[in-house]
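Colleague: Could you walk me through this one? I'd like to know how to read the contacts, the ligand shell and the sheet.

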Amino acid sequence: MSPAGVLVLGGTAEARRLAAALHRDPGFTVTTSLAGRVAVPRLPCGEVRIGGFGGADGLAAWLRGHGTDAVVDATHPFAARISANAVAATTAAGLPLLVLRRPGWTEGPGDRWHRVPDAATAASVAPELGDRLFLATGSGDLPAFAGVDAWCLLRAVDPPPPPLPRRHHLVLARGPFTTDGERALLREHRIEALVARDSGGELTAAKLVAARELGLPVVLIDRPPAPPAPSVTSVPEALEWLAATLAARR
Ligand code: NAP
C-alpha cells in the first residue's frame with residue numbers, strides 16, 4: 001500500500017514534533033505548511049512548503065492537487081483564519097481534518113490573572129494595573145496597544161510592523177525562554193504588569209511563572225473559539241487518530 005499523504009499546517013513546536021514522527025513512519029509522507037511570517041523559520045522534517053494558499057479555495061485546490069489523504073491543523077491556537085480555512089477546505093475536498101492543539105493555561109496559587117476576551121480589552125485593562133507593561137503577545141496584537149500611554153516592553157523574532165505603542169523598547173529574541181531569564185527581564189525593565197495570550201504549553205509558560213514569583217498581575221487574552229473539528233492535545237494522540245482514520249478510509 002502506498003504511504004498516506006498528510007498535510008500538517010504548522011508554525012508550532014507540536015507541528016514540528018508531529019512532522020518528525022510522521023517522517024519516521026514509512027506509512028506516511030508528510031508535508032508541513034508554514035505561513036512564511038518568520039524570516040528564518042525552524043524547519044520541520046519532511047517536505048516543507050512556505051506561504052499562504054490563497055484562502056480556503058486555494059487550500060482546497062492544493063489538497064486536491066497533491067494527493068493529500070488527511071490534514072492536521074497544528075497551527076498556533078491564535079491563528080484563527082488558517083484554522084477556519086482548513087475546516088472549509090477539507091470539507092470541500094472531502095478529507096479528514098484533525099486539530100492538534102496544546103491545552104490552555106490554568107491559574108494557580110499566587111497567580112494574579114485578569115482574563116480578557118481580546119487584545120483591545122487587554123489594552124484598556126493593562127494600563128490600570130501598571131505604568132510599565134511587558135506585551136508578550138504576538139506581533140499581530142500590538143496595534144491594539146498603539147494608543148496606550150504606558151511604557152511597553154515588546155519582544156519579537158523579527159521587528160514588528162507599525163503601529164506600535166508610542167513609548168516602547170523592542171527586544172528581538174526567539175524562545176523558548178527560561179524562568180530565570182524571564183525574571184531577570186521583568187526586573188531589568190521594572191515591569192509592573194504582563195500581557196500575554198493563553199497560548200498554553202510549557203515552552204512559553206516561563207513568563208507566567210516569573211510574574212507569579214514577582215507578584216505581578218497578568219492580563220491573559222483568551223483563545224479564539226476552537227475550530228469545529230476533532231481535536232487532540234498531543235502528538236501520540238494525533239498519530240493514533242491518523243492511523244485509525246486513514247485505515248478506515250482504505
Ligand atoms: P492566521 O491569521 O490564521 O492566518 C492568516 C493567513 O496566513 C491565512 O489566511 C493563510 O493565508 C496564511 N497562513 C497562516 N498559517 C499558515 C500556514 N501554516 N501555512 C500556510 N499559510 C498560512 O495566522 P497567523 O496568526 O498570522 O499565524 C501564521 C502562522 O504563524 C501560523 O502557521 C501559526 O501556526 C504560526 N504562529 C502564529 C502565532 C500567533 O501568535 N498567531 C504564534 C506562533 C506561531 P491564505 O489565506 O493565503 O492561505
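Modeller: Let's start with a term: contact means heavy atoms within 4.5 Å. This is a predicted model, in which local features need pLDDT of at least 70 and side-chain atom pairs count only at pLDDT 80 or more, while totals for chains, interfaces and linings use all residues. Residues are numbered from 1 along each chain as its sequence is written, and side-chain values use heavy atoms, with hydrogens and water left out.

Colleague: Fine. Which residues is Pro77 in contact with, leaving aside its neighbours within four places in sequence?

Modeller: Arg101, Ser199, Arg223 and Pro224. There's also a C-alpha pair to look at: Pro77 and Ala226 are 149 residues apart along the chain, yet those atoms are separated by 7.8 Å.

Colleague: Is Pro77 buried or exposed?

Modeller: Buried means under 20% relative accessible area, exposed over 50%, and partly exposed in between (1.4 Å probe, protein chains only). Pro77 has 5%, so it counts as buried. You'll find it in the loop between strand S4 (70-73) and H3. Those labels are DSSP runs numbered from the N terminus: helices are H or I with at least four residues, strands are E with at least two.

Colleague: On to the ligand. Which residues come nearest?

Modeller: A residue is near a molecule or strand if one of its heavy atoms lies within 4 Å of it. Here 20 residues are around the ligand, and Gly10, Ser33, Arg37, Phe53 and Arg197 come nearest. Helix H3 (80-93) and strand S2 (28-34) each supply at least two residues of that shell, with H3 giving the largest share, four residues.

Colleague: And what about polar contacts?

Modeller: For a ligand, that's a pair of N or O atoms within 3.5 Å. A backbone N or O atom of Gly10 sits 2.8 Å from a ligand oxygen atom. For a polar backbone atom of His76, the distance to an oxygen atom of the ligand is 2.9 Å. A backbone N or O atom of Arg81 is likewise 2.9 Å from a ligand oxygen atom.

Colleague: Last one: in what order do the strands of the sheet run?

Modeller: Two strands pair if DSSP finds at least two bridges between them. The open sheet has six strands, ordered S3-S2-S1-S4-S5-S12, with parallel pairing. Strand S3 (47-50) and strand S12 (231-232) are at the edges with a single partner strand each, so one side of each has no neighbour in the sheet. Strand S1 (residues 4-9) pairs with S4 over four bridges, and the bridge partner of Leu9 in S4 is Asp73.

Definitions and conventions:
Polar contact = N/O pair within 3.5 Å; in protein donor to acceptor, adjacent residues only side chain to side chain.
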